[in-house]
Amino acid sequence: MNYRHAYHAGNFADCIKHAILLVLLKALARKPAGFCVLDTHAGCGQYDLSSEEAQKTGEWKTGIGLLEGSEDPALQEYLAAVRDLGLYPGSPAFTRHVLRPQDELIACELHPEDVRPLRRLFRDDPQVSIHHRNGYEALRALLPPKHLKRGLVLIDPPFEKLDDFQQCAQAVSLIRNRFRAGIVAVWYPIKHRTPVRAFYNALTDAGIRDIIACEFLLRPALDPSRLNGCGMLVVNAPYGFENEARTVLEAMKTGLATEDREDMQVHIERLAEE
Ligand code: SAM
């Protein structure tokens, strides 16, 4: 396990992922019944952008560093969460920010050094449980949630291995079988089109319904050695999600603009009907 999220926290891809996550969480919180979030690849929980790791890559400077001052109304909820939470929040911290007393968060993290700060962050929190385990394997053990009938599963692997797309596709099928009412959100890198298309095809070939792919491209996905963009694939999205996601991502496009990002594109595509 070489991947450490501390080097990448707050980069453009993190901003996209967290802003979309927030749209989904806010939709869940609109109904009074409690919900459960399962975060399969949780990371450390929060990140100090002045740390040696973050400073070494400086990736956050062309991510949250560009967005901080934005006054676009579509980004205010996300930016307010970042401000309220202090250090740059990871996915579990964004989720905790939205939880009400009737909701809960289950977070899995496999790296021994990353699970430690995650546990520390939620030490005395009865609504959050942390598992030091493989997030894919945890799906069988932890779904459906014991007490709550609604919720969201976030899958955000490091994509270090060639079969990560395949594992994600299998995970989505498993979640759909075990937790029908749940929303599924998968973050994925867009380097070149071929593996992304194969991922979409694997899902539709498996008969998964109601799939929306939200893509954010910094540049055309031609050079497979570069992170040219990223996506969030959402299955069983809440009502109105497509429009909200589009508004947020278009605002991101404006906020994340730099001189060498002239070809940014937002692409939202329904891959399968309900
Ligand atoms: N979701 C986090 C966020 O948005 O703040 C970032 C997660 S980072 C992209 C991926 C994390 O997954 C890393 O912390 C890595 O250690 C962890 N990881 C890698 N393989 C895993 C596995 N099989 N199960 C659980 N965690 C894993």
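In this predicted model, strand β8 is covered on both faces: Ile211, Ala213, Glu215 and Leu217 are buried on one side, and Ile212, Cys214 and Phe216 are buried on the other. The strand spans residues 211-217, and 7 of its 7 residues are buried. Strands β9 and β10 both pair with β8. With β9, which comprises residues 229-235, β8 forms an antiparallel pairing over 7 bridges; within this pairing, glutamate 215 stands opposite glycine 231. With β10, residues 265-272, the pairing is likewise antiparallel and also extends over 7 bridges. Here leucine 217 of β8 faces glutamine 265 as its opposite residue in β10.

Strand β5, residues 128-131, has another pattern of burial. Its side chains alternate, with Val128 and Ile130 directed to one face and buried, whereas Ser129 and His131 are directed to the other face and are not buried. The strand runs parallel to β4, residues 104-108, and 4 bridges join the two. Cysteine 108 is placed opposite histidine 131 of β5.

Cysteine 108 also belongs to the surroundings of threonine 40, a residue in the loop between β1 (35-39) and β2 (46-47). Threonine 40 has a relative accessible area of 2% and therefore counts as buried, the limit being under 20%. Beyond its neighbours within four places in sequence, threonine 40 is in contact with Cys108, Gly135, Leu139, Val153, Leu154, Ile155 and Asp156. The side chain of threonine 40 also makes a polar contact of 2.8 Å with the side chain of histidine 41.

Histidine 41 leads to the ligand: a backbone N or O atom of this residue lies 2.8 Å from a nitrogen atom of the ligand. Aspartate 156, which is among the contacts of threonine 40, approaches the ligand through its side chain, where an N or O atom is 2.7 Å from a ligand nitrogen atom. Histidine 18 contributes a polar side-chain atom that lies 2.8 Å from an oxygen atom of the ligand. On its own the ligand has 600 Å² of accessible area, and the protein covers 96% of this. In total, 20 residues surround the ligand, the closest being His18, Ser91, Glu109, Gly135 and Asp156. By class, this shell consists of 5 nonpolar, 10 polar and 5 charged residues. Two of the closest residues, Gly135 and Asp156, are also in contact with threonine 40.

Two further buried residues may be considered, one in a helix and one in a loop. Phenylalanine 165 is located in helix α8, residues 164-178. Its relative accessibility is 14%, so phenylalanine 165 counts as buried. Apart from residues up to four places away in sequence, phenylalanine 165 touches Phe159, Tyr188, Pro189, Pro195, Val196 and Phe199. Phenylalanine 165 is separated from arginine 178 by 13 residues in sequence and by 20 Å in space, C-alpha to C-alpha.

Serine 70, by contrast, is situated in the loop between α3 (64-67) and α4 (76-85). Its relative accessibility of 18% lies under the 20% limit, and serine 70 therefore counts as buried. With residues up to four places away in sequence left out, serine 70 touches Leu75, Gln76 and Leu79.

Methods. Residues numbered from 1 in each chain as written. Predicted model: local features only at pLDDT ≥ 70, side-chain atom pairs only at ≥ 80, totals over all residues. Heavy atoms only, no water. Near = heavy atom within 4 Å. Polar contact = N/O pair within 3.5 Å; in protein donor to acceptor, adjacent residues only side chain to side chain. Areas by Shrake-Rupley, 256 points an atom, 1.4 Å probe, with all protein chains shown as cover. Nonpolar A, V, L, I, M, F, W, Y, C, P; charged D, E, K, R; others polar. Helix = DSSP H or I, 4+ residues; strand = E, 2+ residues; numbered from the N terminus. Buried < 20%, exposed > 50% of the residue type's maximum accessible area, 1.4 Å probe, protein only. Contact = heavy atoms within 4.5 Å. Pairing = 2+ DSSP bridges.
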